[in-house]
Amino acid sequence: MKLVKIACFILLLFVLIANGYSAEQKVKLGFLVKQPEELWFQNEWKFAQKFADEVGIDLIKIGTTDGEKVMTAIDNLATQKVQGFVICTPDVRLGPAIIKKANSKNLKVFTVDDRFVGADGNPVEDVPYMGISSTQIGFDIGKACYEEAKKRGWNMNETGAMVVTHDELETIKQRTDAEKDALIKAGFPANNIFTAVNKTLDVPGGMDGANVTLTQNPTIKKWLVAGGNEESVIGAVRALEGKGFDGNTTIGIGLGAGAGLLEFKKPGVNGFFATSAISPYRHGYETTKLLYEWVKDGKKPPMKTLTAGYIVTRETYVKTMTELGLADSLPK
Ligand code: FCA
């Protein structure tokens, strides 16, 4: 009996020590983004940090603007004993190389915004991904552009629709294809839809792409503008301003939750009419939380989560975003 008691005591001691040890092992995560200068990604980081602070873990945030930087960052994370990272990769085709490297260092990977593409050209489906509902959001934007033009009594035959895209990226192509589709379904003349290309997905890239389209179509009097992200639409609006168009002759609808909101804060009205507000909270806080639970408790995250967008104008954005719990990402 005495022996049994001693054995139980030793066992208990062992369990306590083991538990104490694992509680000491602090979770450390990484969050890598392709365009750290963009407000969207800064907001993702902000909400990821919020989660990290709430649970008291370390979060290492690194801007990885090209493939080499991604690879160096993964080495860096591994050296710092990080257990996993969230990533929006600068190039989706890097997916297989990123997975290989992460596996070799025993790091868990969670993709956000842009889904990896495999060597066969298909999206990688066995790495958790949180993106936006690109097709639905794009469709809503195309429809809203048409409806606003109709409300203003514009003659659609004299109006052009510029859709600024970056087709190499699945999520952007889905958004802009749906924008065109919605315009056509609403009754907008297909011949008046023009595709512009934003090579870099930032404002200068949107402006360059739009300028090409504008030079090729000098007779169009009024423009609808849609795109793959807010930066693309803002770039096009700036290009239109350069040619004398303004808020009376341009209806631009973006997609994001950063740069577009700053347009609303500018005095007066410009061609950036509305944006589909997406959630940096979900893409930052929630991705980090899911990764944390995966690392800490072995709870596998859902393989695919698609988040919604809500069209807001300069009149409605503060109210709607506050209702959506996004007051923290409103520009000051
Ligand atoms: C892509 C775009 C970003 C943002 C994000 C949700 O990564 O490049 O601007 O729209 O999807």
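In what follows, Ala, Val, Leu, Ile, Met, Phe, Trp, Tyr, Cys and Pro count as nonpolar, Asp, Glu, Lys and Arg as charged, and the others, Gly among them, as polar. The structure is a predicted model, in which local features need pLDDT of at least 70 and side-chain atom pairs count only at pLDDT 80 or more, whereas totals for chains, interfaces and linings use all residues. Residues are numbered from 1 along each chain as its sequence is written, and side-chain values use heavy atoms, with hydrogens and water left out.

The shell around the ligand (residues with a heavy atom within 4 Å of it) consists of Lys34, Trp40, Phe41, Cys88, Asp113, Asp114, Arg175, Leu201, Asn229 and Ile278, and these divide into 5 nonpolar, 1 polar and 4 charged residues. Polar contacts, defined for the ligand as pairs of N or O atoms within 3.5 Å, link oxygen atoms of the ligand to the side chains of Lys34 at 2.9 Å, Asp114 at 2.7 Å and Arg175 at 2.9 Å. Taken alone, the ligand exposes 290 Å², of which the protein buries 97%, with accessible areas computed by the Shrake-Rupley method with a 1.4 Å probe.

Side chains of opposite charge can pair when their charged atoms come close. The structure holds 21 salt bridges, each being a side-chain nitrogen of Lys or Arg within 4 Å of a carboxyl oxygen of Asp or Glu. One salt bridge joins Glu147 to Lys143, with the closest N and O atoms 3.8 Å apart.

Notes:
Polar contact = N/O pair within 3.5 Å; in protein donor to acceptor, adjacent residues only side chain to side chain.
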